[in-house]
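Me: Can you walk me through this protein model with some questions and answers? I'm new to reading structures, so please keep it relaxed.

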Amino acid sequence: MGTAALGLLLTALWPTTPPPPVAEPPTPPGRFGWPHAPDLPWPPPGTLTPSAPQASSSVGGVSSTRPIAPSQVSSPTRSPSSAAATRTSPAATRTASPAAPSASPSRTVRPTPSPRPAEPRELTPLPPWRERDLRSVSGGQETSIEFVNHRSRSVIVYWLDHHGHRRQYAVLEPSESYQQHTYVGHPWVVTDRRGRSLACFEPTANPARAVIR
């Protein structure tokens, strides 16, 4: 075979004109303008990104979000009344000055002593011979007699009943005293150890004292 025939055969089998290239869809730009594969998510899984407020909109049933500019984020407002409440006035922080001492000297108030009870009135003794005429009378007011022995020997105190009979109530040694409950209209007689009458006493409405001398 000649050279011309071999060249025609090679041209038929291997054409010199290359086929036109197939156009590929343009690759969308990635973050910061860098191209990346369209089927890979951005950012890659596991990457933490700072969250920012998103503004959402819906057009034709398709929702989209876009970041809100920092200038559009509303800052918390503070009312003038709350700011005024947090301020402390200088007058409130000042400590109270100590009170000035009193010009007048302090006086010690002493309790008023309670009045002493009045001493019971001393009964006037009746002569011994009055005993035979004395009898107790019912219906008198309640009262009392304090018998006081000022003699150097012991004495005996008797009540004279409704018949004028003696009823012994107490024996008083020298300087002893004795309080006796009785009634107005009930006479009493005081004798020595031998029974001789020394004095007779008639009680009064107010408590009184019978002194034997």
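Me: Which residue is the bridge partner of Phe147 in strand 10?
Reply: Keep in mind that this is a predicted model. Strand 4 covers residues 142-149 and strand 10 covers residues 208-212, and the two pair in the parallel sense over five bridges. Within strand 10, Phe147 has as its bridge partner Ala210.

Me: What is the strand order of the open sheet of four strands?
Reply: The pairing in this open sheet is mixed. Strand 3 (121-122) and strand 7 (177-183) are its edge strands, each pairing on one side only. Put the four strands in order and you get 3-10-4-7.

Me: Is Phe147 buried or exposed?
Reply: Buried means under 20% relative accessible area. Phe147 has a relative accessibility of 0%, so it counts as buried.

Me: How many aromatic pairs are there, and why does the pair of Phe147 and Tyr178 count as stacked?
Reply: The count comes to four aromatic pairs. For Phe147 and Tyr178, the ring centres are 6.4 Å apart. Planes under 30 degrees apart count as stacked. The planes of these two rings are at 20 degrees, so the pair is stacked.

Me: How many residues apart are Phe147 and Tyr178?
Reply: Phe147 belongs to strand 4 and Tyr178 to strand 7, so don't expect them side by side in the sequence; the pair links distant parts of the chain. Tyr178 itself is partly exposed, with a relative accessible area of 21%. Along the chain, the separation of Phe147 and Tyr178 is 31 residues.

Me: What type of aromatic pair do Tyr169 and Trp188 form?
Reply: Their rings are 5.2 Å apart, centre to centre, with 75 degrees between the planes. Planes over 60 degrees apart fall into one named class. Tyr169 and Trp188 are therefore edge-to-face.

Me: Which of the two labels, buried or partly exposed, fits Trp188?
Reply: Tyr169, in strand 6 (residues 166-172), counts as partly exposed at 42% relative accessibility. Trp188, in strand 8 (residues 188-191), has a relative accessible area of 2%. The cut-off for being buried is under 20%, so Trp188 is buried.

Me: Which residues do ring pairs link into a cluster?
Reply: We've already met Phe147 with Tyr178 and Tyr169 with Trp188. Add Phe201, and the cluster linked by ring pairs is Phe147, Tyr169, Tyr178, Trp188 and Phe201.

Me: Which residue stands opposite Val157 in strand 8?
Reply: Strand 5 (residues 155-160) and strand 8 run antiparallel and are joined by four bridges. Both faces of strand 8 are covered, with Trp188 and Val190 buried on one side and Val189 and Thr191 buried on the other. The residue opposite Val157 is Val190.

Me: Which residue in the turn between strand 8 and strand 9 has a positive phi?
Reply: Strand 8 also pairs with strand 9 (residues 197-201), in the antiparallel sense over four bridges. One bridge there puts Val189 with Cys200. The two strands form a hairpin with five residues between them, and the one with a positive phi of about 90 degrees is Gly195.

Me: Which side chain makes a polar contact with the side chain of Asp161?
Reply: Asp161 sits in the loop between strand 5 and strand 6, and is buried at 4% relative accessible area. A polar atom of its side chain lies 2.7 Å from the backbone nitrogen of His165. The side-chain partner, at 3.0 Å, is Arg167.

Definitions and conventions:
Residues are numbered from 1 along each chain as its sequence is written. This is a predicted model: local features need pLDDT of at least 70, side-chain atom pairs count only at pLDDT 80 or more; totals for chains, interfaces and linings use all residues. Side-chain values use heavy atoms; hydrogens and water are left out. Two strands pair if DSSP finds at least two bridges between them. Rings of Phe, Tyr and Trp (its six-membered ring) pair if their centres lie within 6.5 Å; planes under 30 degrees apart count as stacked, over 60 as edge-to-face and the rest as tilted. Buried means under 20% relative accessible area, exposed over 50%, partly exposed in between (1.4 Å probe, protein chains only). A polar contact is a pair of N or O atoms within 3.5 Å; within protein, one must be able to donate a hydrogen and the other to accept it, and residues adjacent in sequence count only if both atoms are side-chain atoms.
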